[in-house]
Amino acid sequence: TFVPNRNALFMLLASSYAIEKDVYTICTGIRATENYPDCSRVFVDAFEKAVNISLPKDKQISFKHPLIDMDRLGTINFAVAMGLLPELAYTRSSYEKKEGPAPDGTDPSAIC
């Protein structure tokens with residue numbers, strides 16, 4: 001299920017789009033508990049520095065990652081605390097590209 005540089009690509013595209021829209025804070029859903037190299041604090045901090053080296057001083061990007069230390073249950077509890085539980089019914093995370101109803105527990109990457 002490892003996709004090399006997946007988060008780097010998403011974060012780079014998001015930062016390019018954000019600059020175009022005069023937005024300088026980007027919130028990611030990265031969780032270090034996934035144990036992938038591009039889901040670590042070291043990666044997101046280094047990537048932020050790399051992106052900002054390429055930008056003017058008055059257009060620096062800040063990446064926020066509020067879920068980074070949470071497991072899946074922690075993420076759900078966070079959504080509940082934010083009043084977003086109904087929205088979880090419309091989300092899906094899966095590397096298996098399965099279509100259909102809610103995750104059934106057979107895909108380790110799907111939020112259950």
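1. A word on terms before we start: a residue is called buried when its relative accessible area is under 20%, exposed when that area is over 50%, and partly exposed in between. Applied to this predicted model, the cut-off gives 29% buried among the 112 residues of the protein chain. The accessible surface of the chain comes to about 7,600 Å², and carbon and sulfur atoms account for 61% of that area.

2. On the overall layout, the protein chain has four helices and two strands. Going along the sequence, their order is α-β-α-β-α-α. Contacts over long stretches of sequence are well worth a look here: taking pairs of residues at least 6 apart, 59% of the contacts join residues at least 24 apart.

3. Now to the core. The largest nonpolar core has 16 residues, and Met11, Phe47, Ile61 and Phe63 are the members that touch the most others. Helix H1 (6–20) and helix H2 (41–53) are the elements that contribute two or more residues to this core. As general background, nonpolar side chains in soluble globular proteins tend to be buried together.

4. Phe47 is a good residue to centre your view on. Once neighbours within four places in sequence are set aside, its contacts are Ala8, Met11, Leu12 and Phe63. Phe47 counts as buried because its relative accessible area is 14%, under the 20% limit. Phe63, at 4% relative accessibility, is likewise buried.

5. The aromatic side chains deserve their own point. There are two aromatic pairs in the model. In one of them, Phe47 and Phe63 meet edge-to-face, with 6.1 Å from centre to centre and 70 degrees between the planes. This pair links distant parts of the chain, since Phe47 sits in helix H2 and Phe63 in strand S2 (residues 62–64), 16 residues apart. Phe43 joins Phe47 and Phe63 in a cluster linked by ring pairs.

6. Not every nonpolar side chain is tucked away, as Phe10 shows. This residue belongs to helix H1, and its relative accessibility of 48% makes it partly exposed. Together with Leu9 and Leu13, Phe10 forms a nonpolar patch on the surface, and the three have about 310 Å² of accessible area together.

7. Do have a look at Arg31, in the loop between strand S1 (25–27) and H2. With a relative accessible area of 8%, this arginine is buried, because the value falls under 20%. Leaving out neighbours within four places in sequence, Arg31 is in contact with Cys39, Leu67, Ile68, Met70, Asp71, Arg72 and Thr75. One of these partners, Met70, is 39 residues away along the chain, yet the C-alpha atoms of Arg31 and Met70 are separated by 6.4 Å.

8. Turning to charged pairs, the model has two salt bridges. In general, side chains of opposite charge can pair when their charged atoms come close. One bridge joins the side chains of Asp22 and Lys59, with an N to O distance of 3.8 Å. Asp22 is in the loop between H1 and S1 and Lys59 is in the loop between H2 and S2, so this bridge ties together parts that are 37 residues apart in sequence. Asp22 is exposed at 52% relative accessible area, whereas Lys59 is partly exposed at 26%.

9. The other bridge is formed by Arg41 and Asp69, whose closest N and O atoms are 2.4 Å apart. Here too the pair links distant parts of the chain: Arg41 is in helix H2 and Asp69 in the loop between S2 and helix H3 (72–81), 28 residues apart. Arg41 is partly exposed, with a relative accessible area of 39%, and Asp69 is exposed at 57%.

10. A last point for anyone checking the backbone. Asn5 has a positive phi of about 65 degrees, although it is not a glycine. This residue lies in the segment before H1 and is exposed, at 54% relative accessibility. Asp22, met above as a salt-bridge partner of Lys59, also has a positive phi, near 60 degrees, and is a residue other than glycine.

Methods: Residues numbered from 1 in each chain as written. Predicted model: local features only at pLDDT ≥ 70, side-chain atom pairs only at ≥ 80, totals over all residues. Heavy atoms only, no water. Core = buried A, V, L, I, M, F, W, Y, C linked by side-chain atoms within 4.5 Å. Buried < 20%, exposed > 50% of the residue type's maximum accessible area, 1.4 Å probe, protein only. Contact = heavy atoms within 4.5 Å. Phe/Tyr/Trp six-rings, centres within 6.5 Å; stacked < 30°, edge-to-face > 60°. Patch = residues over 30% accessible without salt bridge, like charges linked within 9 Å, V, L, I, M, F, W, Y side chains within 5 Å. Areas by Shrake-Rupley, 256 points an atom, 1.4 Å probe, with all protein chains shown as cover. Salt bridge = Lys/Arg side-chain N within 4 Å of Asp/Glu carboxyl O.
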